[in-house]
Amino acid sequence: MSHTIAAVATPLSAGGIGIIRISGNDAIEIADRVIKTTSGKALSSLKGYTAAHGKVYLDSEAIDECVALVFRAPRSYTGENTVEISCHGGVLVTKQVLRAVLQSGARPAEAGEFTKRAFLNGKLDLSEAEAVMSLISAQGQEGMKAAFNTLDGALSRKINDLCSILLSASANMAAWVDYPDDEIPELSDEALKESVITVKNGLSSLLSKFDAGKAITDGVETAIVGKPNVGKSALMNMLSGFNRSIVTDIAGTTRDIVEETVRVGSVVLRLADTAGIRESDDVVEAIGVDMAKTRIERATLILAVFDGSAKLDDSDREILDLCKGRDVIGIVNKSDLPSKTDIDYLTETLSKVVFISAKEGDGEEELTKAIEEALGTDKIDTSQAMLTTERQRVCTEKALASLDEALSAIDMGMTMDAVNVCIDNAIDALLSLTGEKAKESVVN
């Protein structure tokens with residue numbers, strides 16, 4: 001990390017302010033080469049957390065006014081000397097300021113490199129670093145809260161507390177095995193099992209909330225399926241809040257997959273409005289039907305739409321067969337018309353059935369509640385520790401597997417050495433989760 005890096009830290013589009021961040025040992029000196037302050041003082045003479053107004057120069061020509069904010073190591077986001085140059089937010093002027101900085105000795109930052117440096121300098125652990133992108137990309141309030149609490153250390157504190165229990169048990173066993181002549185009391189099987197079970201229960205609780213937490217932070221792949229003309233596109237428009245899909249009385253209007261990201265209650269759904277599933281001689285429509293069936297296989301949540309004003313037919317039953325074993329919410333549309341469909345059959349086949357009129361906008365609250373219940377987000381407390389990435393889930397599962405092996409070893413009467421190997425494996429998995437033992441490839 002000997003190089004000083006720089007990059008545009010704000011979106012590269014027109015706005016009121018653009019920010020160029022410089023980080024590294026020479027950050028303040030490089031900023032001095034491109035900025036002449038109004039006061040005449042060099043930035044290198046300023047204390048940390050100090051701002052100075054001035055002008056930015058490129059090739060000896062002033063190109064913009066700016067405010068430079070100086071941070072001195074280790075009290076900065078990256079833990080290094082850092083300068084943030086706030087200039088006017090035009091795309092061209094922001095690029096020109098960055099060019100001036102790069103010409104003065106900085107190199108372009110790689111994607112995520114500021115946060116990588118913050119991790120390597122001990123400003124963030126790995127779970128907190130991962131939460132940065134979740135916070136930036138959060139589209140719902142609950143997702144934002146969950147990401148911020150992880151960034152604030154909620155998960156790290158939970159993992160560290162559980163890890164401390166295992167470290168204490170491991171140290172006890174190691175001391176008793178390594179120093180047999182000393183009067184070190186042996187850790188009883190009951191006490192050891194109690195410690196292992198306490199940690200196991202804590203990790204199991206985290207793991208049980210993973211899917212719901214991921215639904216809040218990352219969103220859920222959701223497919224809207226049904227036979228033609230049951231109201232799939234109307235449902236898409238109702239959830240989107242605008243006319244995203246074409247709605248007509250002509251069956252088979254939707255042939256390609258129409259996608260939109262929407263927020264429903266506390267959940268972000270990545271919706272896919274699919275072609276109506278039925279037998280068709282039309283080549284284009286048949287391709288759309290095959291794509292719809294593929295989306296059913298890929299989707300985490302399926303919204304299966306049925307026409308409440310018509311009887312169920314073979315196409316409806318085929319859809320129910322395709323959705324077996326999946327998280328499905330049955331949606332009986334056209335509740336504003338007289339009911340003719342077999343409601344009993346639907347409620348017996350599907351665990352959740354909701355009645356709506358997409359045309360009139362009725363039933364949206366009931367659908368929102370059903371979606372939150374299906375995904376488990378209605379029971380999630382975003383102020384508590386949550387696993388939010390696949391990497392964290394894998395680390396947790398590895399730790400749990402090692403704890404199960406430890407319990408089996410205790411029950412089989414194996415030596416403390418053997419039990420301690422299992423405990424140490426669990427500790428390693430948890431330290432990998434927080435980044436204390438993460439491999440370089442994981443960090444990158």
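Two strands are taken to pair if DSSP finds at least two bridges between them, and the close-up views below apply this to a predicted model.

**View 1. Strand β1 meets the edge strand β7 of an open, mixed sheet.** Between β1, which covers residues 5-8, and β7 there are 2 bridges, and the two strands run parallel. Alanine 6 has proline 108 of β7 standing opposite. The sheet to which these strands belong is built from 7 strands in the order β3-β4-β5-β6-β2-β1-β7, with mixed pairing. Its edges are formed by β3 (35-37) and β7 (107-108), each of which pairs on one side only. Helix α2, spanning residues 91-103, packs on the sheet and touches β1, β2 (15-23), β4 (50-58), β5 (61-71), β6 (82-89) and β7, while its direction makes about 150 degrees with that of β6.

**View 2. Antiparallel pairing links β3, β4 and β5.** The edge strand β3 pairs with β4 over 3 bridges in the antiparallel sense, and within this pairing isoleucine 35 has valine 56 of β4 as its bridge partner. Strands β4 and β5 are joined by 9 bridges and likewise run antiparallel, with tyrosine 57 standing opposite alanine 62 of β5. These two strands, β4 and β5, form a hairpin with 2 residues between them, and aspartate 59 in the turn has a positive phi of about 55 degrees.

**View 3. Tyrosine 49 and phenylalanine 71 form an aromatic pair.** The count of aromatic pairs comes to 1. Because the ring planes of tyrosine 49 and phenylalanine 71 stand at 80 degrees, with the centres 5.6 Å apart, the pair is edge-to-face. The pair links distant parts of the chain, with tyrosine 49 in the loop between β3 and β4 and phenylalanine 71 in strand β5, 22 residues apart. Tyrosine 49 has a relative accessible area of 49% and is therefore partly exposed, whereas phenylalanine 71, at 16%, counts as buried.

**View 4. Charged side-chain ends sit over the rings of phenylalanine 114 and tyrosine 57.** The charged end of arginine 21 lies 5.1 Å from the centre of the phenylalanine 114 ring, over which it sits. In the other example, the charged end of lysine 36 sits over the ring of tyrosine 57, at 4.7 Å from the ring centre.

**View 5. Leucine 303 is a buried residue of strand β11.** Strand β11 covers residues 301-307, and leucine 303 has its place there. The relative accessible area of leucine 303 is 0%, so this residue is buried. When residues up to four places away in sequence are not counted, leucine 303 touches Thr222, Ala223, Ile224, Val225, Leu235, Leu239, Leu271, Ile329, Ile331 and Ile371. The C-alpha atoms of leucine 303 and valine 353 are separated by 9.9 Å, and the two residues are 50 apart along the chain.

**View 6. Cysteine 323 and cysteine 422 are buried in a model with 0 disulfides.** Cysteine 323 has a relative accessible area of 3% and is therefore buried. Cysteine 422 also counts as buried, because its relative accessibility is 10% and buried means under 20%. By the cut-off of 2.5 Å between cysteine sulfur atoms, the count of disulfides comes to 0.

Terms used: Residues numbered from 1 in each chain as written. Predicted model: local features only at pLDDT ≥ 70, side-chain atom pairs only at ≥ 80, totals over all residues. Heavy atoms only, no water. Helix = DSSP H or I, 4+ residues; strand = E, 2+ residues; numbered from the N terminus. Contact = heavy atoms within 4.5 Å. Axes fitted to C-alpha atoms, helices over the stretch in contact; angles between N-to-C directions. Buried < 20%, exposed > 50% of the residue type's maximum accessible area, 1.4 Å probe, protein only. Phe/Tyr/Trp six-rings, centres within 6.5 Å; stacked < 30°, edge-to-face > 60°. Lys NZ or Arg CZ within 6 Å of the ring centre and 35° of its normal.
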